[in-house]
Amino acid sequence: NPLDLVELYGADATRFSLLAQAGAVQDVRFDAEIKDNVVQSSTSAEMGRNFGNKVWNAARFVLMNMEGYDAESAQPSRDMLPDRWIWSRLAQTVREIDERLQNYRFSDVIRAIYDFLWRDYCDWYLELAKARLHGNDASERAAVQKNLVYILETALRLMHPIMPFITESLWQALPKGASAGESIMVAPWPLAILSDVDTGAESEMARVQEIVTAVRTIRAEMNVPPASKVAVVISANSDELAEQLRGIAEYISLLARAESVEIGTHLDQPPASGSAVLGEIEIFVPLEGLIDLEVEQGRLEKEIAKFDKLVSSLEFKLKNEKFVANAPAEVVEREREREREYRENLQRLRASLERIA
């Protein structure tokens, strides 16, 4: 009964769940856990509820930063890299959703709007906008306010057929011009502005995201406290690439919580530093002073010993012909998957230990 899902997660999350499972195949394996003919839980509905919460919190952040904003006079900005990138991503998303709606690929529509709002808008653009919202340049603040409002309002219209209640509520709360209608239900469907598509900006931002993700991974693996600022050293294999990287250094610094970003060619790895390789780029994060290297080394050695035992135990089990022949196929496959996972963990731990040795 869909009303079971509505009671557990809300009507919007239920619609999200059902549409997310409406893919190209005709047979759908409904993902809900059901006991005594009553729905107990649903992974996709929970995902829909979390998505709704994410969008709600993003809208709340935007509304809390509207001081001095004039919806009629403010002009959107397409000058800076993050702005050109988010406008390009919006145009691409509108076009993608239009195509998928025409072909009744509703699960793909869900994926497109989810990726745009959760990843592009919330995880990246909002973070990049914060410095300009809190800066001293009034014109920059007004421009980024306009971008935040306009792009969110457009995305809500794209999202409305999927989650009509939350989108109506948030749309009503956003500051809009006098020409806006009374309801999102009668607002025009967004049009893809193809002149906004900027593959160069998307390529540059993809590089920013790769580098920032690599730095964040090093921080997490090496237990660097979240509040600590780090130094980031980036080594390129050519002067041309190094110059390109200097053009995006401010965004790397902001998103990676870096106190400094040094960029050069063929730089040596600093001692006791985490590292990552991204094609023609090497990234180093010096760790001295950020963590207790001896304590971290001891922790890593213990983790390596633990996973060594787990891998050896599973390896012995999977070499046992009786177990492989008599155990159910799904049990054997599950054990193989565990072995693969433990080996990957072991590889990462050894790499981390090598970095600080």
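This briefing describes the overall make-up of the protein and then the arrangement of one of its sheets. The model is predicted. It contains 13 helices and 6 strands, and 44% of its 357 residues are buried. Four of the strands, β4, β3, β6 and β5, form an open sheet.

**Overall dimensions and surface**

- The C-alpha trace spans about 70 × 60 × 30 Å along the principal axes of the protein.
- The accessible surface amounts to about 19,300 Å²; carbon and sulfur atoms account for 50% of this area.
- The protein carries 41 positive and 58 negative charges, and the mean positions of these two sets lie 5 Å apart.

**Contacts along the sequence**

- When contacts between residues at least 6 apart in sequence are considered, 73% of them join residues at least 24 apart.

**The four-stranded sheet**

- The strands follow the order β4-β3-β6-β5, and their pairing is mixed.
- Strands β4 (258–265) and β5 (273–278) occupy the edges of the sheet; each has a single partner strand, so one side of each lacks a neighbour in the sheet.
- On average, neighbouring strands of this sheet are turned by 20° against each other, with direction ignored.

**The hairpin of β5 and β6**

- Strand β5 and strand β6 (residues 281–286) run antiparallel and are joined by 6 bridges.
- Among the facing residues, Ala276 stands opposite Ile283 in β6.
- Leu278 has Ile281 of β6 as its bridge partner.
- The hairpin has 2 residues between the strands, and Gly279 adopts a positive phi near 60° there.

**Helices lying across the sheet strands**

- Helix α8 (residues 199–221) lies across β3 (230–236), β5 and β6. The helix runs at about 35° to β6.
- Helix α9 (residues 239–246) lies across β3, β4 and β6. Its direction is at about 160° to β4.
- Strands β3 and β6 are thus crossed by helix α8 and also by helix α9, while the edge strand β5 is among those crossed by α8 and the edge strand β4 is among those crossed by α9.

Technical notes
Residues numbered from 1 in each chain as written. Predicted model: local features only at pLDDT ≥ 70, side-chain atom pairs only at ≥ 80, totals over all residues. Heavy atoms only, no water. Buried < 20%, exposed > 50% of the residue type's maximum accessible area, 1.4 Å probe, protein only. Contact = heavy atoms within 4.5 Å. Areas by Shrake-Rupley, 256 points an atom, 1.4 Å probe, with all protein chains shown as cover. Lys, Arg positive; Asp, Glu negative; His and termini not counted. Charge placed at Lys NZ, Arg CZ, Asp CG, Glu CD. Pairing = 2+ DSSP bridges. Axes fitted to C-alpha atoms, helices over the stretch in contact; angles between N-to-C directions.
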